[in-house]
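Hi everyone, thanks for coming. I'd like to walk you through a structure I've been looking at, so let me put it on the screen first.

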Amino acid sequence: MPLLTVANLEKAYCSPEGTQTRVVDVPHFELEAGSQTALKGSSGTGKTTFLNLIAGILHADSGQIVIDGEEMTGLSESGRDSLRASHIGYIFQTFNLLHGYTALENVVLGMMFGKGVDVEFAQHLLERVGLGDRMGYPPSQLSVGQQQRVAVARAIANRPRLVLADEPTGNLDYHRANEAIALVRAICHENNAALLTVSHDVGILEQFEETADFAHVNRA
Amino acid sequence: MSLLFIVRRSLRQHALSTLIAALSIALGTGLVMAVIGIKAQSVAAFTGGQIGFDAVLGARGSPLQLVLNTVFHLETSPGNIPWAMYQAMRDDPRVELAVPYALGDNYHGFRIVGTTRTLFTEFEYRDGVRFQTQGGGRFFNPARQEAVLGSYTADKLGLKVGDNFNPYHGLVFDESMRHDEQYTVVGVLKPTNSPSDRVIWIPIEGIYRMEGHVLRGSGEDYVAEPGREIPDEHKEVSAVMLKFRNPQIGFLMDATINKQGKAATLAWPIGAVMARLFDKIGWMNQILALVSYIVVVVAAGSILASVYNSINERRREFAILRSLGARRKTVFSVIVLEAASISAMGVVIGFIVYGVIFTAASAIVRAQTGIVLDLLSFHPAFIIAPVCVIILGAVAGVLPAVKAYRTDVAANL
């Protein structure tokens, strides 16, 4: 049984003119446990909305999302929050670190609403991404690359079954982007988490064995 | 790490607005506790019976004026009564103790009270406790120009055993009204935390013989002459302090002296007389309480404004927390907890504010009446007020919390 199954998923937004604009229309999509898949697509094609629907941040207009046997689309908002906290890690393009917290605290926040806080594991993750000597630094005192690595550590902190990455290297130069995506892949692999990345960066997409054109996945 | 950790971080990030809101809460809480605490202790001190006497017999007039003048050494004397009235009380078997007071002089604003040694040898200002001198002093000899000082008086005037002073005529200090008689301090009383601490006691004979004093006990003017005994019929007293053998005596004397007689007034019971004063000025306390409650409400408003204004800039923070799995109610709880925490900090500082206000008020009360209010004396308001203020703070956090609760996650990431 796949870790993630998406069926007949639809999401539309109301445009300023008052008309409904369909952004996501995915008849079928699957992701196996532990697999790593990259979806290729240019800006404005609904990639982020698709990931937000999978993460339960957005509620689908219709269709099904089943994660690890649990139907996300059938859950209440708090149920989706719980499922996200326990099963999903999310790496954002802008990292979305909290600036009032240290690197370690940001990682610990990633586990706070899920299976429980494990500071030793958070420290281990930061050491794993090469920030063992930067745990007490706030994001403002870290380079962009270092911030991205904190975001990676935070995404894996709740020991998720699925990691979603939305343009995870969008703010990095080519060299650092390659290093970063390699790190994301390695760390997901080490922690037995499936990885679903969306990106428009061809260089990044080339690193994945499994890629798909989001335009083929999404009919909208 | 818990919600408290998130709250702590948030408060630290908004340290200035947090501090200002907490200080305003502190001011309100401190005011509320001070108003309630000072009122409760003042009422207890002025009406609670730790006075030692049951009643005061004095000239026909206001019982309240009589009590204020003789017990608390405030106000002017309503007049004098003949010595014979004192003698009658002294010799009445129903009266356990009768102590005459003669007033009319001061020393630098501190009242000089002429009395007998009975005050020191028989009177108990608190159950089982009599006046005692400190530092090797003694009580005055009624035949000499000697004085015994209350502890506060001695402290404020800087007088000690062996020092001499000249009384001044009148109850208000006037430099031109200096008497020629010189008195020697022979004793300083140990602190009693009562109005007696701010009095100068001299022999009652000294008041009679003070230069310029005219006795009218017999209805005719009489001026004491040196070396000649003063006939009792000329003597008069400002008041007779009374202690009855049982409470029923008070009822009987009240009927006899106040309702049937016209020669004198019996202020009885002293606590009830003072309670009527507090009833009369109760509106003032209500105004003070109202002002302090308003300060608390305004302070709660400052919490609301402080937290509410921070919500807009923190929408992204809430969205990130939500994306990490925090539920809406978690975000709501963080904000309410934050508001309650600001309130709690304010309450803690409020105890300091209370201490400052109470200490200042206590110093004024002591200087005016000699009564010492106890800063550490417990009152239920010291628990109820802080709890209510913390709850009020939490309630003030509800509106901002609702705003945070409604944060659109996807739109703010």
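**Two chains, a few rings and one covered helix**

Let's start with two residues: B:Y101 is buried, and B:W201 is buried as well. Before I go on, please keep in mind that this is a predicted model.

So how are the rings of B:Y101 and B:W201 arranged? Their centres sit 5.7 Å apart and the planes meet at 55°, so this pair counts as tilted. Tilted, for us, is the class left over when the planes are neither under 30 degrees apart, which is stacked, nor over 60, which is edge-to-face. And where do the two residues lie along the chain? B:Y101 is in strand β3 of chain B, residues 95-107, while B:W201 is in strand β12 of chain B, residues 199-203, so the pair ties together parts that are 100 residues apart in sequence.

Here is another pair for you. The rings of B:Y107 and B:F165 have centres 4.9 Å apart and planes at 50°, so they are tilted too. This pair also links distant parts of the chain, with B:Y107 in strand β3 of chain B and B:F165 in strand β9, residues 164-165, of chain B, which puts them 58 residues apart. Buried or exposed? Both B:Y107 and B:F165 are buried.

Now let me widen the view a little. B:Y101 and B:W201 belong to one aromatic cluster, and its other members are B:F53, B:F120, B:F123, B:Y125, B:F131, B:F139 and B:F140. Searching the whole structure, over all chains, gives 26 aromatic pairs.

On to chain B as a whole. It has 15 helices and 15 strands. What about its radius of gyration? For 413 residues a compact globule would come out near 22 Å, but chain B has 30 Å. The C-alpha trace spans about 105 × 45 × 35 Å along the principal axes of chain B. Of the 413 residues in chain B, 51% count as buried. If we take contacts in chain B between residues at least 6 apart in sequence, 74% of them join residues at least 24 apart. The accessible surface of chain B is about 18,700 Å², and 59% of that belongs to carbon and sulfur atoms. For the electrostatics fans, chain B carries 38 positive and 33 negative side chains, and the centres of those two sets are 17 Å apart.

Next, chain A, with eight helices and nine strands. Its radius of gyration is 17 Å, which agrees with the value near 17 Å for a compact globule of 220 residues. The C-alpha atoms of chain A fill a box of roughly 50 × 40 × 35 Å along the principal axes. Buried residues account for 56% of the 220 in chain A. Chain A exposes about 8,900 Å², with carbon and sulfur atoms supplying 47%. The 16 positive and 26 negative charges of chain A have mean positions 2 Å apart.

I'll finish with one helix of chain A, namely α3, residues 103-112. How many of its residues are buried? Ten of ten, so to speak a full house. Among them are A:E105, A:N106 and A:M112. And what covers these buried residues? The cover includes α4 (119-128) and α5 (144-156) of chain A, together with α1 (3-13) and α11 (315-323) of chain B.

Thanks, and I'm happy to take questions.

Conventions. Residues are numbered from 1 along each chain as its sequence is written. Chains are lettered from A and ligands numbered from 1 in the order in which they are written. This is a predicted model: local features need pLDDT of at least 70, side-chain atom pairs count only at pLDDT 80 or more; totals for chains, interfaces and linings use all residues. Side-chain values use heavy atoms; hydrogens and water are left out. Helices (H or I, at least four residues) and strands (E, at least two) are DSSP runs, numbered from the N terminus. The radius of gyration is taken over C-alpha atoms; the globule rule is 2.2 Å times the number of residues to the power 0.38. Buried means under 20% relative accessible area, exposed over 50%, partly exposed in between (1.4 Å probe, protein chains only). Accessible areas come from the Shrake-Rupley method with a 1.4 Å probe; for residues, only the protein chains shown count as cover. Lys and Arg count as positive and Asp and Glu as negative; His and the chain ends are not counted. The place of a charge is taken as NZ of Lys, CZ of Arg, CG of Asp or CD of Glu. Rings of Phe, Tyr and Trp (its six-membered ring) pair if their centres lie within 6.5 Å; planes under 30 degrees apart count as stacked, over 60 as edge-to-face and the rest as tilted. Contact means heavy atoms within 4.5 Å.
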